[in-house]
Amino acid sequence: MSRERIEREFLRAVGKKLKEIRQGRNYTQEYVYERTKINLDRIENARSNFTLSTLHILCKFYGVPLEEFFKGL
């Protein structure tokens, strides 16, 4: 499997999990953006890479420790 494909699959898995967490809290993308200034559309749909800092901000906002976030990915 190519590195690019592995990275794309990882981005999809992370985006899917972020979307599930957001929807589980009944937050819209707009609500999260207003509070974090992070545009989730490209992240949740794996159309953009993102930094670990961005993931940290989102996990903190959702109240999910990074260690817990990565379980099962």
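I looked first at the exposed face of helix 4 in this predicted model, and I found Leu52 and Lys60 exposed there, on the side of helix 4 away from its buried residues.

I then turned to the buried residues of helix 4, which spans residues 52–62, and I listed Thr54, Leu55, Leu58, Cys59 and Tyr62. They lie on the same side of helix 4, because they cover an arc of only 130 degrees around the axis. When I checked what covers these buried residues, I found that the cover includes helix 1 (3–24), helix 2 (29–36), helix 3 (40–44) and helix 5.

I followed the chain past the end of helix 4 and came to Gly63, whose phi is positive, near 75 degrees.

Going back to the stretch before helix 4, I placed Thr51 in the loop between helix 3 and helix 4. I noted Thr51 as partly exposed, because its relative accessibility of 45% falls between the 20% and 50% cut-offs. The side chain of Thr51 makes a polar contact, at 3.0 Å, with the side chain of Thr54, which is itself one of the buried residues of helix 4. I also looked up Thr51 against Lys17, and the two are 34 residues apart in sequence and 16 Å apart in space, C-alpha to C-alpha.

Last, I returned to Leu52, which joins Phe10, Phe70 and Leu73 in a nonpolar patch on the surface, with about 380 Å² of accessible area together. Of these I looked up Phe70, which lies in helix 5 (residues 66–70), and I recorded Phe70 as partly exposed, with a relative accessible area of 34%.

Conventions
Residues numbered from 1 in each chain as written. Predicted model: local features only at pLDDT ≥ 70, side-chain atom pairs only at ≥ 80, totals over all residues. Heavy atoms only, no water. Patch = residues over 30% accessible without salt bridge, like charges linked within 9 Å, V, L, I, M, F, W, Y side chains within 5 Å. Areas by Shrake-Rupley, 256 points an atom, 1.4 Å probe, with all protein chains shown as cover. Salt bridge = Lys/Arg side-chain N within 4 Å of Asp/Glu carboxyl O. Helix = DSSP H or I, 4+ residues; strand = E, 2+ residues; numbered from the N terminus. Buried < 20%, exposed > 50% of the residue type's maximum accessible area, 1.4 Å probe, protein only. Arc of directions from axis to C-beta. Contact = heavy atoms within 4.5 Å. Polar contact = N/O pair within 3.5 Å; in protein donor to acceptor, adjacent residues only side chain to side chain.
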